[in-house]
2 protein chains.
Amino acid sequence: MELDERKKTILKLIIATYLETGEPVGSRTISKFNDLNLSSATIRNEMADLEELGYIVQPHTSAGRIPTDKGYRFYVDNLMEEKEEAEVEKSTLLERVDRMELLLKQVAKVLAYNTNYATLVTAPNYRKTVKFIQLSKVDEATLLAVIVIEGNLIKNQIIPIDTILDNEDVLKFNILLNTFLQGASLEDINLEMINAMKKQSGEYSVILDQIFQGIVDAVNEANELEIYTSGATNILKYPEIGDISKTSELLEKFEDKEELSHLLEETTGNKDDFHDIQVYIGEENTVSNMEDCSIVTATYKMPEGAKGTIGILGPKRMDYKKVVSTLKNLTIELDDIFNKRKGVNDDG
Amino acid sequence: MELDERKKTILKLIIATYLETGEPVGSRTISKFNDLNLSSATIRNEMADLEELGYIVQPHTSAGRIPTDKGYRFYVDNLMEEKEEAEVEKSTLLERVDRMELLLKQVAKVLAYNTNYATLVTAPNYRKTVKFIQLSKVDEATLLAVIVIEGNLIKNQIIPIDTILDNEDVLKFNILLNTFLQGASLEDINLEMINAMKKQSGEYSVILDQIFQGIVDAVNEANELEIYTSGATNILKYPEIGDISKTSELLEKFEDKEELSHLLEETTGNKDDFHDIQVYIGEENTVSNMEDCSIVTATYKMPEGAKGTIGILGPKRMDYKKVVSTLKNLTIELDDIFNKRKGVNDDG
DNA sequence: TATTAGCACTCAAATCTTTCGAGTGCTAAC
DNA sequence: GTTAGCACTCGAAAGATTTGAGTGCTAATA
């Protein structure tokens, strides 16, 4: 059965009211909306239909109705109109920063602050290439390798060495490293390349090994999955999770970046919607312990087609309207930073 | 009234039992300890005395006794004998790391893992001096400043510039910067010094300003209070906090580094005990919302007399024995790393 | 045919009642 | 000084009662 207009209106009112109050919504409450002009009895009949169709459910016999996952889904897809442009306060809290890492951390923080939910942001899946590499002699026994990745992700690595090098040696290494590595993507840096470098340099085989080890370590670190989170403690504010042990599990899960990556990886780039905002409601989340949560994700795009994900984790009874519009604005702002202003990812 | 031996024994048994079970301890329970050979009635009399003296209290009329803050204090100061060396499993989980920052993060983590409490570690209050500074040209419009502080704390700063510099210019700046800044403590880097450098360099006044700005930013960042925390979610496991809103407040407080610094700052270097282990019980904590917590702190020392603090935050009903001995071992290990092995703070 | 008033019914939540038992304090005997 | 014995207390758990929001159904109405 298709939902007729009236059923849609009623369903929308039920869900909107429930989102506000968190209490099961009764027929009387709905019948009070003036523009409807229906008695509670009529609403009851409609509600019975909506329940049969699986959009709402009674937590117990003599209670009002609350939305099911299916109900939320219908609401998000068909009923929820988005906030008027005027209503949405532009955040503009993002400062310009040069380093992608800092920018994304900031995004997570601002978003958590604005929404009062837990937020997570992944770095874009762009092909990370070495922009610049610098080996310096800190003291007789120590080198410092600094690797700047495209997007100004910076990795430092202390390399203890046995052999004493003079400045000229270090300079030579720098030229060697930059010749080979500049512009190379991180995946390119393999044994083969290292061997080629070794061949070219000839001498210093032991120390070269130490240096390469350091650089490989740094590169691996740079290649690690980067997820920035913020507002984890907001999870404690979701009363529907209730049980402290459940909350605790959820919180721990939220701190486990490995787990979070699973949460987000399926989301990136499924559709080609405008900013690809997606909502995962309750059981739609494949990760365990998240049945009582919803996750809203958005995709931001970098000039070369690389994409990253921004996610908001909240209770099912989440202010979808606000979250979606906030995310939309944020991704617009981000795209702006990445593309027009030629900021973070400036190739120079 | 002084506590006689028997009262001490009974108090110790009461507290030890309570630490284990978390339930109020009754006279019958204590009378069952063989080596005591006293009836419950006698214990009751003694308990009445101990209560009058303020060491224990009844949560309600017909319940057993639980320790007061004063009781805990007496236990920690006089009754608790520390764990036998044999019982304590050496952690040895600390890997050698070159960078102070990473080491301290690891300390916090290992400690949280071992104790199941929330932990916090402050960086030592040593006079931070610049060990090495390196300016590099990343691309035409961007410089990268890398500053290595004593202890191998590394700060990176991206400096956007307007003027185009050739490599020789950069080299000149590097020499200039290192000449002035190497060995300088962070406090030394003030306007006066910067002006001196400017005078020496003569030209490029605009770009020098940009560079100095970047370096000052990085230095300020390095000078910021550094506190590393771990195991915050363990707070959720303290049942005595109970209320989720209280727990939540505590958790938020724990994530606020500013607040934490207050918590620890009074502790450093009060006494000159062996590793200066201190216990703050309940109301003894001046920070609000922490009345139901205890904090155990220890001091580690660096060769030049700099000190840092390691703290463990747990419920009042905390395993003081274990925590104190764990902290003792850890500080010994840390002192070992800092002093003997000449690791992290190696002056080269 | 759709809507509604009316009414009996349901059931969670709040409140009160009862029971139970661990633990106490006190007294009198040892 | 120690202990057995006993009356007493009071929280926690379990059960009983009340309340009220909400339902479904039926019969009357427009």
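**Close-up views of a predicted protein–DNA model**

**View 1. Polar contacts to the backbone of DNA strand C.** In this predicted model, a polar side-chain atom of A:Arg6 lies 2.7 Å from a phosphate oxygen of DNA strand C, a polar contact being a pair of N or O atoms within 3.5 Å, where within protein one atom must be able to donate a hydrogen and the other to accept it, and residues adjacent in sequence count only if both atoms are side-chain atoms. A polar backbone atom of A:Ser39 is 3.0 Å from a phosphate oxygen of DNA strand C, and a backbone N or O atom of B:Ala63 lies 3.5 Å from a sugar or linking oxygen of the strand. Residues are numbered from 1 along each chain as its sequence is written, while chains are lettered from A and ligands numbered from 1 in the order in which they are written. Local features need pLDDT of at least 70 and side-chain atom pairs count only at pLDDT 80 or more, whereas totals for chains, interfaces and linings use all residues, and side-chain values use heavy atoms, with hydrogens and water left out.

**View 2. The protein surface near DNA strand C.** DNA strand C is surrounded by 21 residues, the closest being A:Arg6, A:Thr42, A:Thr61, A:Ser62 and B:Ser27, where near means that a heavy atom of the residue lies within 4 Å of the strand. By class, this surface comprises 4 nonpolar, 13 polar and 4 charged residues, with Ala, Val, Leu, Ile, Met, Phe, Trp, Tyr, Cys and Pro counted as nonpolar, Asp, Glu, Lys and Arg as charged, and the others, Gly among them, as polar. Helix α3 (40-52) of chain A and α3 (40-52) of chain B each supply at least two residues, and α3(A) gives the most, with 4 residues; helices are DSSP runs (H or I, at least four residues), numbered from the N terminus. Of the strand's atoms within 4 Å of the protein, 73% belong to sugar or phosphate and the rest to bases.

**View 3. B:Ser261 in helix α10 of chain B.** B:Ser261 sits in helix α10 (residues 257-265) and is buried, with a relative accessible area of 10%, buried meaning under 20% (1.4 Å probe, protein chains only). The side chain of B:Ser261 reaches the backbone oxygen of B:Glu258 at 2.6 Å. Leaving aside residues up to four places away in sequence, B:Ser261 touches B:Leu225 and B:Ile227, contact meaning heavy atoms within 4.5 Å.

How values were computed: Buried means under 20% relative accessible area, exposed over 50%, partly exposed in between (1.4 Å probe, protein chains only).
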